[in-house]
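Visitor: I've got this model open at my desk and would like a close look at one part of it. Could you walk me through how a pair of helices packs, and then show me what sits around it?

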Amino acid sequence: MPTYLARRLGQSLLTVFLTLTTVFLLVRLAPGDPAAAYAPPSASSADLARIRAEFGLDDPLFTQYGIFLRDLFTGNLGTSYSFHAPAFDVVMDRMPYTVTLAVAALAVTTLVAVPLGVWMARRADTKRELGANVMTIAGQSMPDFWTGVMLLTVFAVLFPVLPASGFTTWSGLVLPTLTVAVLQLALVSRLVRREMVSALTSPYVTVARSRGVSEHALTWRYALGNSAVPLVTALGTRFAALLNGVVVVEVVFGWPGVGSLVVRALETRDYPLIQATVLVTATLAILVQLLVDLAYPLLDPRVRLGKAA
Amino acid sequence: MTQRTTVGQDDQPLLDVTDLQIELVTAGGVVRAVDGVSFTVRHGETVTLIGESGSGKSTTAMGVLRLLPEGLAVLSGSVRIAGRDVLADPDAARAVRGRTVSLIPQDPMTALSPVHTVGRQLGDAIRLRHPELTRAQVRDKGVELLGRVRITKPETRWKAYPHQFSGGMLQRILIAIALAGEPDLLVADEPTSALDATVQAGVLDLLMELQERTGIGMLMITHDLGVARLVSDRIHVMKDGRFVESGPAEQIVARPAAPYTRDLLAAVPRLGAWDEDEPLVEGAAS
């Protein structure tokens, strides 16, 4: 186990490093000038040149990369051009909002999608299942900006029961969470359905039925217990994706998370801020993946105990 | 129906199947897998359905227990288990399963949930019959059952998972689970065909010993005439969903009437010296 953990951590560090390098290169290859975004519109070309020199953008790419790596190893991710503050701190200020929204959306998705998927599996290929299918696929097909705007129109404008934007009270969490969850629901519930249908038709369920085990226990204990590994894998992947920020939803609801931050960072060509965001979100995503991997032995004794008796 | 039934010792058979027909919905259309079979199993008796793959023998066994997928199998005729018609009444089927009748499945390696302990799954079966028992009592009873099916050091195996056992041991555990409900009737669906030859004999031995001790009735499904000859009182030879020959085991083995039965007999490997003069019979069932 310690060897396994060490190897996984090594892999994770390498992944983060490669991601950062890719992003470092890509933002500099993309068109756009940070100095132009930074300087007031009235700035002369001499001003712009001075700003570029100050940011170190005149150095050769290789030199810039060397400085970036040197700073990275001393824990310095640079100063955000637009916030005039350490880029890492700017990202970490936004992180709690993104994490809150991600946790809430994943919780709602799980609480609805698992029972729904089980319900669909028990009625696989019936008309009622078709109805549920149509609804979840419709939910998945609606673009999130549209779902968000519709929810806003109904619950914040026509019937102003919930705040339209920002996160000052917990009720502000409701609409963004629903918007994200509607999108995830179809995916997760269909996965649960597929796994449950295959588990419910396995020999061990038929044999358990032959010894009088109730349909309730067959469904929730036998079949769901055997679907846990793919389910947790899918939920982990979803969660990691949500931690990267839900850009559109954050913009629609004025949610001060990492997603809206990254939009601003890209608009202003704020290289240090883009890099810091990528570092934090990539690390979190890899951490979630690691936790999912560590959960496998808990969920499946064949992983935990190996083959020998 | 709460007290232990003692049906089968009087005139009423444990299992009474009359003109059972089973149609299966497959991708290629509706197939009549079982086409009007009738048979009975009484207390202390072993009745065998023998035939090759696709003859409908396992479908019959699963149909009798109503374990075929709803909507994909259409059953008609009558199946009475301890006097209750399980075809007419799905609730009756649920009520007899695990109490009056138990199944010993075909492939022990896939017949237990891989993520639950053996003790949990055996405990479930015991608790169904004896809901009043405490956890410790269920465990004691389960350990005793595992001992009865000759699992060595059963108390250390209670928390083990299915993948930690061999196929032969799993089949013994499944027999223990089937016995946990104290049934009057066992349906053994090819109980040894997934096992090594050396392990097969041990499992059959165990089944016969249990039958001798408890007087349980048994419906045995097999493609192996060697197995059938060893355990059966009566044999029904099945082909294409019908019985081609029925009778006492000795008679079927010694004086087979149907050509199909003779083919099956010829396919049984014999113990003893190799009879190299005898040509291999072609077209025999396996």
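**A helix pair in chain B**

Guide: Let's start with the crossing itself: H3(B) passes H6(B) in a right-handed crossing. Keep in mind as we go that this is a predicted model. Two packed helices are described by the angle between their axes and the distance between those axes. Here the axes of helix H3 (residues 118-129) of chain B and helix H6 (residues 167-180) of chain B come within 8 Å and cross at roughly 20°. Angles under 35 degrees count as roughly parallel, and H3(B) and H6(B) are therefore roughly parallel to each other.

Now zoom in on who touches whom. From H3(B), the residues that meet H6(B) are B:Val118, B:Gln121, B:Leu122, B:Ala125, B:Ile126 and B:Arg129. On the H6(B) side you'll find B:Ile173, B:Ala176, B:Ile177 and B:Ala180. Sorted by class, this contact of H3(B) with H6(B) has eight nonpolar residues, one polar and one charged.

While you're at this end of chain B, click on B:Leu206, which is found in helix H7 (residues 197-214) of chain B. Once neighbours within four places in sequence are left aside, B:Leu206 is in contact with B:Val149, B:Arg150, B:Arg172 and B:Ile175. Take B:Arg150 from that list: B:Leu206 and B:Arg150 are 56 residues apart in sequence, yet 8.6 Å apart in space, C-alpha to C-alpha. For all those contacts, B:Leu206 is partly exposed, with 18 other C-beta atoms within 10 Å; a buried residue would need 20 or more.

Next, swing round to a sheet in chain B. Four strands form an open sheet in the order E2-E1-E4-E5 (chain B), and the pairing is antiparallel. Strand E2 (29-41) and strand E5 (84-85) of chain B stand at the edges with a single partner strand each, so one side of each is left without a neighbour in the sheet. Helix H1 (residues 57-64) of chain B packs on this sheet, where it touches E1, E2 and E4 of chain B, and its direction makes about 110° with that of E1(B).

Follow E1(B) towards each of its partners in turn. With E2(B), E1(B) forms a hairpin that has two residues between the strands. These two strands run antiparallel and are joined by 10 bridges; look for B:Ile22, whose bridge partner in E2(B) is B:Val34. Towards E4, strand E1 (residues 15-26) of chain B pairs with strand E4 (residues 73-81) of chain B, again in the antiparallel sense, over eight bridges. Two spots to find there are B:Asp16, with B:Arg80 as its bridge partner in E4(B), and B:Thr18, which stands opposite B:Ser78 in E4(B).

Pull back to the whole chain and you have 10 helices and 10 strands in chain B. Buried residues make up 45% of its 286 residues. Among contacts in chain B between residues at least 6 apart in sequence, 64% join residues at least 24 apart.

One last stop is where the chains meet. The contact takes 19 residues from chain A and 26 residues from chain B. On the side of chain A that touches chain B, helix H9 (203-210), helix H10 (215-226) and helix H15 (301-305) of chain A each supply at least two residues. The largest share of that side, six residues, comes from H9(A). By class, the side of chain A that touches chain B has eight nonpolar, six polar and five charged residues.

Technical notes. Residues are numbered from 1 along each chain as its sequence is written. Chains are lettered from A and ligands numbered from 1 in the order in which they are written. This is a predicted model: local features need pLDDT of at least 70, side-chain atom pairs count only at pLDDT 80 or more; totals for chains, interfaces and linings use all residues. Two residues are in contact if their C-beta atoms, placed from the backbone, lie within 7 Å. Ala, Val, Leu, Ile, Met, Phe, Trp, Tyr, Cys and Pro count as nonpolar, Asp, Glu, Lys and Arg as charged, and the others, Gly among them, as polar. Axes are lines fitted to C-alpha atoms, for helices over the stretch in contact, and angles run from 0 to 180 degrees between N-to-C directions. Angles under 35 degrees count as roughly parallel, over 145 as roughly antiparallel, 65 to 115 as roughly perpendicular and the rest as oblique. A crossing is left-handed if the near helix is turned anticlockwise from the far one by less than a right angle, and right-handed if clockwise. Two strands pair if DSSP finds at least two bridges between them. A residue is buried if 20 or more other C-beta atoms lie within 10 Å of its own, exposed if 12 or fewer, and partly exposed in between; C-beta atoms are placed from the backbone.
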